[in-house]
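Good morning, and thank you for the time. I should like to take one structure and look at how its interior is put together.

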Amino acid sequence: MAEEQQHITSSGKGSTGDNNNESKGNKKYTSPFSQFNISSTDVLDTIEKARCPDCNRNVRYFCNRCLKLVNCPEGAVPQLKLPIKLDVIKHEQERDGKSTALHAKILASDDVEVYSWKDMPKYENVDRLLLLFPSPGAKQLSEIDPESFDKLVVIDGTWEQANKMSKSDSPLLRMKRVTIAPHETLFWRHQRKASDHLATIEAIYFFLRDTTTKVITPHKEWIDSHQLGPYTNQFDDMLWFYKYFYELIQKTYRERTDGREFTLKHTKGYIQYDPVDERKQQ
Ligand SMILES: [Zn+2]
C-alpha cells in the first residue's frame with residue numbers, strides 16, 4: 001500500500017517459483033503464485049458478463065457494489081471459512097473495481113462485511129478490535145493476547161487514503177494495531193520495499209496465515225472442524241481473484257510486441273503499464 005510503483009520484470013528476475021514457466025521470444029515468465037496452492041481459476045475464462053440481479057449493472061464475475069457473485073455457476077468460486085470476522089472499511093474514493101479487499105467479501109461472504117468510511121459501524125467495544133495496519137507500535141499477532149480481541153478490521157484505499165483514515169478522529173484510532181510478519185520468502189520479496197507495502201488482500205491473506213500458528217478466538221464451529229497448527233494452505237484461495245487478474249494482465253503484457261514493460265501498482269492491487277525504463281527499481 002504505497003504510492004510508488006515497482007517492477008515485475010519480464011526476465012524472471014523477482015520471481016521465485018520454478019513452475020509455470022512460459023516463454024515468448026526471449027522473455028521468460030514464472031508465476032509468482034506457483035508457490036501457493038490456489039484452486040484453478042480456469043472457470044473464470046468461461047464466465048460472461050451479466051446483469052447484477054440486484055442493481056442491474058452489467059458486471060463480470062461479481063458486482064462490486066452489491067458484493068455478490070453474478071453469473072457464476074454454483075460451486076465455481078471457492079468459499080472460505082475464516083477464523084475471525086473481518087470488517088473492511090473502504091475509502092469512498094477508492095474505486096470499487098480496483099479494490100482487492102472486496103475479494104475477501106466475495107470469497108468468504110459469511111465472515112466479511114464491507115463498509116464505507118462514512119458509514120463505518122458505531123463499534124461499542126473498540127478496544128476489542130484489531131486494526132490491520134502497519135504503523136509504529138503495531139504488533140504482530142504472536143505478540144497479542146488472543147483473548148483480547150474479537151474481530152479484525154482492515155482499511156481499504158490507497159496508502160495515502162488509508163494513512164489519513166488511520167489518523168483521523170474515528171474509532172480506527174482507538175483500535176489495537178496489528179501488522180503482519182515480513183514474508184521474505186515469498187514472491188514479492190524482490191518487488192516490495194517492505195512487508196507493509198501489500199495489496200489489501202495480500203495483507204489479509206498473511207494475517208490469516210499467522211492465525212494458524214496461534215489460536216486466536218476463532219469461531220467455535222471453525223475450531224471444531226479445522227486443525228489449528230502449521231499452515232496447510234487453507235487460506236490460499238483468498239488470493240484466487242487476485243492471482244487471476246494478475247496473471248491475466250501478465251499474459252496480455254507478454255503478448256504485446258511494443259516492448260512496453262508493466263508494473264504492479266500494489267497500492268490498489270492491480271497492474272498497469274509503464275514505458276520501458278521508467279521507474280526502474282531493482
Ligand atoms: Zn449489483
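I shall begin with a sheet, move to the helix that lies across it, and end with the core.

Please keep in mind throughout that this is a predicted model.

Let us start with the sheet. It is open and has six strands, paired in parallel, in the order β9-β8-β12-β10-β13-β11. At its edges are β9, residues 112–116, and β11, residues 139–140, each of which pairs on one side only. Within the sheet, I would draw your attention to β10, residues 129–132, and β12, residues 151–156, which run parallel and are joined by four bridges. One residue of β12, V154, is the bridge partner of L132. We shall return to V154 shortly.

Next, the helix. Helix α3 lies across β8, β10 and β12, and runs at about 160° to β12. Its twelve residues reach 17 Å from the first C-alpha to the last, close to the 16 Å expected at 1.5 Å a residue.

How much of α3 is buried? Ten of its twelve residues are, so the helix is mostly covered. Among the buried residues are A203, I204 and F207, and the list also includes E202 and two threonines, T200 and T211. As for what surrounds them, the buried residues of α3 pack against the strands β8, β10 and β12 and against two helices, α1 (101–107) and α5 (240–254).

Let me take one residue of this helix as an example, F207. Why does F207 count as buried? The reason is that F207 has 26 C-beta neighbours inside 10 Å, where 20 or more are required. Leaving out residues up to four places away in sequence, F207 touches L132, L141, L152 and I180. F207 also lies 9.1 Å from Q140, C-alpha to C-alpha, although 67 residues separate the two in sequence.

Finally, the core. In soluble globular proteins, nonpolar side chains tend to be buried together. Here, the largest nonpolar core has 55 residues, and the members that touch the most others are A104, V154 and I204. The element that gives the most to this core is α3, residues 200–211, with seven residues.

This brings us back to V154. Which residues is V154 in contact with, beyond its neighbours within four places in sequence? They are L86, V88, A101, L132, T200, A203 and I204. Of these, T200, A203 and I204 are buried residues of α3, while L132 is the bridge partner already mentioned.

How values were computed. Residues are numbered from 1 along each chain as its sequence is written. This is a predicted model: local features need pLDDT of at least 70, side-chain atom pairs count only at pLDDT 80 or more; totals for chains, interfaces and linings use all residues. A nonpolar core is a set of buried Ala, Val, Leu, Ile, Met, Phe, Trp, Tyr and Cys residues joined through C-beta atoms within 7 Å. Two residues are in contact if their C-beta atoms, placed from the backbone, lie within 7 Å. Two strands pair if DSSP finds at least two bridges between them. Axes are lines fitted to C-alpha atoms, for helices over the stretch in contact, and angles run from 0 to 180 degrees between N-to-C directions. The expected span of a helix is 1.5 Å times one less than its number of residues.
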